[in-house]
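These entries record what I looked up in one structure. I began with the surface, then turned to the pocket and the charged pairs.

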Amino acid sequence: KQWYQRRVAITAGIVGFDYDGSAHLFQTDPSGTYHEWKANAIGRSGKTVREFLEKHYTDEIAASDEACIKLTVRALLEVVQSGGKNIELAVMRKGQALEILDTKTVEKLVEETEKERDAEAEAKKKAAGKS
């Protein structure tokens with residue numbers, strides 16, 4: 001018999017704050033390299049979510065907790081089919097404990113986000129019909 005050992009490799013997201021309060025998000029790769037991001041996603045469908053974030057992320061959104069959370073929900077809804085049932089959100093703020101949002105809050109955010117997305121799509125259809 002021969003034994004094979006599979007190398008363990010992970011990608012991790014690391015979030016934290018500098019002394020001046022500025023937030024930082026890093027992604028480490030199995031090779032040991034790391035990259036800093038303003039917004040990122042890892043895991044299954046991470047590329048789709050990352051592309052959405054690259055397209056829609058702005059510094060104005062980053063300045064507001066509510067806007068950041070809504071952007072996160074919109075990005076996740078690009079790859080999650082069953083609404084908020086498969087979404088878990090945690091919010092990290094400087095000097096505060098990590099806040100894991102409860103299921104009801106996530107469901108409400110998903111509902112609001114879907115309504116906003118549908119309204120935007122309807123407005124685009126109307127605008128396209130007028131031109």
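**Entry 1: surface patch.** I first fixed the term: a patch is made of residues with over 30% relative accessible area and no salt bridge, and nonpolar side chains are joined within 5 Å. The model I searched is a predicted one. Under that definition I found a nonpolar surface patch of about 400 Å², made by Val15, Met92, Leu98 and Ile100. I then located Ile100, which belongs to strand 5, residues 99-100. Its relative accessible area is 64%, and Ile100 is therefore exposed.

**Entry 2: largest pocket.** I next asked how much space lies in the largest pocket. The value is about 1600 Å³. I noted that 43 residues line this pocket, and that Val15, Leu25, Asn40, Thr72 and Ala90 are the closest to its centre. Val15 thus appears in two of my entries, as a member of the nonpolar patch and as one of the residues closest to the pocket centre.

I then looked up which elements supply the lining. At least two residues each come from strand 1 (12-17), strand 2 (23-28), strand 3 (34-37), helix 1 (46-56), helix 2 (59-62), helix 3 (65-77) and strand 4 (90-91). Helix 3 gives the largest share, with seven residues. By residue class, I recorded 28 nonpolar, nine polar and six charged residues in the lining.

**Entry 3: salt bridges.** The structure holds nine salt bridges, and I examined several of them. In the pair of Lys38 and Asp59, the closest N and O atoms are 3.5 Å apart. Lys38 lies in the loop between strand 3 and helix 1, while Asp59 lies in helix 2, so this salt bridge ties together parts that are 21 residues apart in sequence. I also checked the accessibility of both partners. Lys38 is exposed, at a relative accessible area of 59%, whereas Asp59 is partly exposed at 49%.

**Entry 4: helix 3 and helix 4.** Which distant parts of the chain does the pair of Glu116 and Lys70 link? I found that their side chains meet in a salt bridge of 2.8 Å, N to O. Glu116 sits in helix 4 (residues 103-130) and Lys70 in helix 3, with their positions 46 residues apart in sequence. Is Lys70 buried or exposed? Its relative accessibility is 16%, and since buried means under 20%, Lys70 counts as buried. Glu116, at 34%, is partly exposed.

A further salt bridge joins Arg74 to Glu120, with the closest N and O atoms 3.6 Å apart. Here too the pair links distant parts of the chain: Arg74 is in helix 3 and Glu120 in helix 4, 46 residues apart. Both partners are partly exposed, Arg74 at 21% relative accessibility and Glu120 at 37%.

I then noted a network of salt bridges that links Glu66, Lys70, Glu112 and Glu116.

**Entry 5: a buried residue of helix 4.** My last look-up concerned Thr113, which lies in helix 4. Its relative accessible area is 1%, and Thr113 is therefore buried. I compared its position with that of Leu71: the two residues are 42 residues apart in sequence, and their C-alpha atoms are 8.7 Å apart in space.

Notes. Residues numbered from 1 in each chain as written. Predicted model: local features only at pLDDT ≥ 70, side-chain atom pairs only at ≥ 80, totals over all residues. Heavy atoms only, no water. 1 Å grid on protein atoms, 1.4 Å probe; cavity = no way out; pocket = protein on both sides within 12 Å on 5 of 7 lines; lining within 4 Å. Points joined across faces, edges and corners; volume = space filled by probe spheres on them. Helix = DSSP H or I, 4+ residues; strand = E, 2+ residues; numbered from the N terminus. Nonpolar A, V, L, I, M, F, W, Y, C, P; charged D, E, K, R; others polar. Salt bridge = Lys/Arg side-chain N within 4 Å of Asp/Glu carboxyl O. Buried < 20%, exposed > 50% of the residue type's maximum accessible area, 1.4 Å probe, protein only. Patch = residues over 30% accessible without salt bridge, like charges linked within 9 Å, V, L, I, M, F, W, Y side chains within 5 Å. Areas by Shrake-Rupley, 256 points an atom, 1.4 Å probe, with all protein chains shown as cover.
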